[in-house]
Amino acid sequence: MINGFGVGVFYRALREGLATTPSFGAPAPSAPLDARIGRLYGSLDAATADSAAMVAALFDGLMSTVGQWLASIVATGWRTSLNLGGDVLAVTVFDLALTPANPIPADTPIRLDLAVDGRASSAGSRMWDRRGRANTRFHHYFDQIVHLDMAGEDRPLRLTFAATIDGAPIPTLSAEVPLVFGDSLHSLQSAVLRDAAGAAVGTIRFDTRRLGPDLASQELAGSGLWTGDAAEAYANALGAAMVQPILTGLRTLAPAD
């Protein structure tokens, strides 16, 4: 059940947790994460093999589905997911995950150009990958946000990315994704990255949110206050907020007696 349907359950729980968990102000966790996980698994010593296997499958499903998203969201936890809605499109780029066939050399800075196209207008921005993170030949971190003003009648229709090797005259990789503005105000997304010949060579992970201008300014001001302690407290509060939605989702999948 978890392997077959857990993806939707865990994603919904993450979205619900984000929508109810403030970035700042959470109490410090009662104990380090590894200690709390150790206590949980220690409590399974007297459990049946089936029960222990179910708990292990739950954790495996959770981490494989949203584990990387959770790490990225906590790293940029100063952003807000509360009180969303407005004419500012916030796009956060988390990372590029590339295949062995990708054409980008190791230890090469990457420029990423981002553009949002509407029916009659466009807006764009530029960022560089983070040199301080553990970038590899196949993984490049960004963890950066851009705010694009999309006020007016021309609504954004398409988001495009172009990754260029430092000094190269043309983009090395590109991706394109349609933008749908409806009830989903915070959308975790991935897009296929293609080389100049059109071959798929990786993915780019990002999310989009809609903010008002005041809220956009407030969250940028809060970015300088994000500390390791704040991130740990936020991660703990977000995890706690996901528990009930996960249980509710799994119960709906359970076969009726």
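**View 1. Pro22, in the loop between helix H1 (2–20) and helix H2 (33–42).** This is a predicted model, and we start at Pro22, which sits in the loop that links those two helices. Pro22 counts as partly exposed, because its relative accessibility is 45%. Setting aside its neighbours within four places in sequence, Pro22 touches Leu82 and Tyr234. Look for Arg79 here too: 57 residues separate Pro22 and Arg79 along the chain, yet their C-alpha atoms are 9.3 Å apart.

**View 2. The second largest pocket, with Pro22 in its lining.** Pro22 turns up again here, along with Ser23, Phe24, Trp78, Thr80, Leu82, Asn83, Leu215, Gln218, Glu219 and Gly222. The volume of this pocket comes to about 160 Å³. Sort its lining by class and you get five nonpolar, five polar and one charged residues.

**View 3. Asn83, a lining residue of that pocket.** Asn83 belongs to the loop between H3 and S1. Its phi is positive, about 55°, although Asn83 is not a glycine. Is Asn83 buried or exposed? It counts as exposed, because its relative accessibility is 70%.

**View 4. The largest cavity and the residues around it.** The structure has one cavity of 30 Å³ or more. The largest cavity holds about 40 Å³ of space. Its walls are made by Leu18, Ile73, Thr76, Gly77, Arg79, Ser81, His186 and Tyr234. Among these are two residues you may recall from the first view: Arg79 and Tyr234. By class, the lining has three nonpolar, four polar and one charged residues.

**View 5. The largest nonpolar core.** A total of 29 residues make up this core, and Leu14, Leu238, Met242 and Ile246 have the most contacts inside it. H1, helix H3 (49–75), strand S1 (88–98), helix H4 (213–222) and helix H5 (228–253) each give two or more residues to the core. Which element gives the most? That would be H5, with seven residues. Zoom in on Leu238: leaving out neighbours within four places in sequence, this residue contacts Leu14, Gly17, Leu18, Thr21, Leu70 and Ile73. Apart from this core lies another one, of 28 residues, including Leu89, Val93, Met150 and Leu173.

**View 6. Strand S4 (residues 139–149) alongside S1.** S1 and S4 run antiparallel and are joined by nine bridges. One pair to pick out is Asp95, which stands opposite Tyr141 in S4. How many of the eleven residues of S4 are buried? Eight of them are, so the definition of buried, under 20% relative accessible area, fits most of this strand. In a regular strand, side chains alternate between the two faces of the sheet.

**View 7. Asp143, in strand S4.** Asp143 has a phi near 50°, which is a positive value in a residue other than glycine. Asp143 counts as buried because its relative accessibility is 10%. Put it next to Asn83, where phi is also positive, but which counts as exposed.

**View 8. The whole chain, for orientation.** Step back and you'll find five helices and eight strands. Starting at the N terminus, the order of elements is α-α-α-β-β-β-β-β-β-β-β-α-α. Of the 257 residues in the chain, 43% are buried. Among contacts with a separation of 6 or more, 69% are between residues 24 or more positions apart.

Methods:
Residues numbered from 1 in each chain as written. Predicted model: local features only at pLDDT ≥ 70, side-chain atom pairs only at ≥ 80, totals over all residues. Heavy atoms only, no water. 1 Å grid on protein atoms, 1.4 Å probe; cavity = no way out; pocket = protein on both sides within 12 Å on 5 of 7 lines; lining within 4 Å. Points joined across faces, edges and corners; volume = space filled by probe spheres on them. Nonpolar A, V, L, I, M, F, W, Y, C, P; charged D, E, K, R; others polar. Helix = DSSP H or I, 4+ residues; strand = E, 2+ residues; numbered from the N terminus. Buried < 20%, exposed > 50% of the residue type's maximum accessible area, 1.4 Å probe, protein only. Contact = heavy atoms within 4.5 Å. Core = buried A, V, L, I, M, F, W, Y, C linked by side-chain atoms within 4.5 Å. Pairing = 2+ DSSP bridges.
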